[in-house]
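Have the sequence and the model open side by side. The walk goes from the domains to the sheets, and then to the ligand.

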Amino acid sequence: MLENGQIKEVEIIDLNHTVQGVAKIDNFVVFIDKAIKGDLVEIEIKEKKKNFAVGKLLKIIEPSKDRINPPCGYFYECGGCQLMHMDYNAQLIYKKNRVINEMRRNSVNMEDAVVNDTIGMENPFRYRNKTAFSVAKKNKEIIIGPYEQGTYNTVNISNCMLQSNEADKTVRLFKELMIKCNIEAYDKKTEKGTVRNIVIRNNRQNELMLVIVTATENFPNKDIIIKELTSNIKEIKTVVQNINSKNTNLVMGHKNITLYGEGTINDNIGDLIFTISPETFFQINPEQTEKLYNTAIEYANISKDDVCFDIYCGIGTISLMAAKYAKKVYGVEIVEQSIINARENAVKNNIVNAEFFTGKAEKLLPKLYSKNIKADVVIVDPPRKGCEQEVIDTIISMSPKKVVYVSCNPSTLARDIKLLESGGYQLKKVQTVDQFPWTHHVECVVLITRKDR
Ligand code: SAH
């Protein structure tokens, strides 16, 4: 019988979906943080539950062939990355297998499906176009950085290998200026202090937007801070103060005051231009997003007579890409500001055959269908929880030729494919695209087609 406190030597036989190593002791499953498949390790049993136990990694006796020295020195404390101890190619294989395993678990029919290797990055560093760091005080010192794994404690970092060099520079200078100008970090416990978070966004031309999130409008010495930042870091094109007065772990509030520049930056995907405001959702790895969406458009194979739906359309990125090939595109999205942006983006890019609706997809889609608006091709890009049952049901009723599903969660993807299967559809192509190197996130696009009746 396994008991807490026992020391065991185990071989890691798999990685689970949160990238914990999986081992078996007398057929009992044990999960071990920071251990990877192929490692032989010494562990201490920390938490024995009914069906599994959690072990703490004490020593690596023999490393897996995929184990590497983490390229980032903060890896073992920072919660941002989970896979920095694993070779990049092995990460790509892991991500493809994650999707296959979820399909199998859900008994998806893969007989006719082509599953491609994950599309990775040539240089998987400094790819993020947005980072949000918390600002805190520890032992009287200002600290800025991401949260630790699983907590809201700030890790003090002076560089992050996933963000641009200029963003690193901005973080360091901002910290110096807070000290120099006597600006206090906000303290959630006492609800005192000024700066809560900083958010840095950049476009592909490396123009930066700095968002300084404060607890109230009062921001002492802001003029000196802005002047120092913008004169020392030429890439900073705009600075926005965002006010978040709530006692919450959400990064931003809803009020923005532009302190410098236009308050927005522009970025492009393919030949389309998008305007980005502090709160706009925009995919965070533009190089890979382009590959992901190009695959989605290729799978959709839209022709000039096709009516296309882009459900969960955000600011209309996929809709506007599809509009080039389609007779008409309908975009559906729950966040009103995103739809306002989507309409502006259509105008900016001279696209006239895209129409956007604000509302819940599960309500709007049946409504459109009842008005006899039907799709030949449906593209969905839902959040982690996947599509609502009503969305799947309406798609099946509409009976489009093709459904292209862009997913950030393989388990809800597989669940939804299984539902579509029972409505007469079949999985044809699967493509994982590594949007988030060194993290456990798995992004995937699949083609599902209507079976001939
Ligand atoms: N395709 C877009 C956004 C994908 S993210 C892009 O690539 O930029 C998923 C989107 O679904 C978010 O914009 C979110 O606001 C939206 N969303 C979440 N729940 C929804 C619902 N029930 N109905 C419609 N949209 C929803």
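The paragraphs below take the parts in turn.

This is a predicted model. Begin with the division into domains. Domain 1 covers 7-62, and domain 3 covers 130-269. Domain 2 is written in two segments, 92-122 and 285-450. Find domain 1 and domain 2 on the screen: their C-alpha centres lie 36 Å apart.

Now turn to a sheet of 6 strands. The sheet is open, its pairing is mixed, and the order reads β9-β8-β10-β11-β12-β13. Which strands stand at its edges? They are β9 (141-145) and β13 (255-260). Each has a single partner strand, so one side of each is left without a neighbour in the sheet. On average, neighbouring strands here are turned by 20 degrees against each other, ignoring direction.

Look at the β9 end of this sheet. Strand β8 (residues 130-138) runs antiparallel to β9, and 5 bridges join the two. Val135 marks a spot in that pairing: Ile144 in β9 stands opposite. Two helices can be placed against these strands. Helix α2 (residues 165-180) lies across β8, β9, β10 (195-202), β11 (208-214) and β12 (236-243). The direction of α2 makes about 155 degrees with β10. Helix α3 (residues 222-232) also packs on the sheet, where it touches β11, β12 and β13. Against β12, the angle of α3 is about 150 degrees.

Move on to a sheet of 8 strands. This one is open and mixed too, in the order β7-β21-β22-β20-β19-β16-β17-β18. Its edge strands are β7 (114-115) and β18 (354-358), and each pairs on one side only. Strand β21 (residues 425-433) pairs with β22 (residues 443-450) in the antiparallel sense, over 8 bridges. Within this pair, Thr432 faces a partner: Cys444 in β22 stands opposite.

Helices lie across this sheet as well. Helix α1 (residues 88-105) crosses β7, β21 and β22, at about 160 degrees to β21. Helix α6 (residues 336-348) lies across β17 (328-333) and β18. The angle between α6 and β18 is about 170 degrees.

Finish at the ligand. How many residues surround it? There are 17, and the closest are Tyr293, Glu333, Ala361, Glu362 and Asp381. Glu333 also makes a polar contact: an N or O atom of its side chain is 2.6 Å from an oxygen atom of the ligand. Thr317 places a polar side-chain atom 3.2 Å from a ligand oxygen. Ile334 uses its backbone instead, with a polar atom 3.2 Å from a nitrogen atom of the ligand. How much of the ligand's exposed area does the protein bury? Taken alone, the ligand exposes 570 Å², and the protein buries 89% of that.

Key
Residues numbered from 1 in each chain as written. Predicted model: local features only at pLDDT ≥ 70, side-chain atom pairs only at ≥ 80, totals over all residues. Heavy atoms only, no water. Pairing = 2+ DSSP bridges. Helix = DSSP H or I, 4+ residues; strand = E, 2+ residues; numbered from the N terminus. Contact = heavy atoms within 4.5 Å. Axes fitted to C-alpha atoms, helices over the stretch in contact; angles between N-to-C directions. Domains from an automatic or database assignment. Near = heavy atom within 4 Å. Polar contact = N/O pair within 3.5 Å; in protein donor to acceptor, adjacent residues only side chain to side chain. Areas by Shrake-Rupley, 256 points an atom, 1.4 Å probe, with all protein chains shown as cover.
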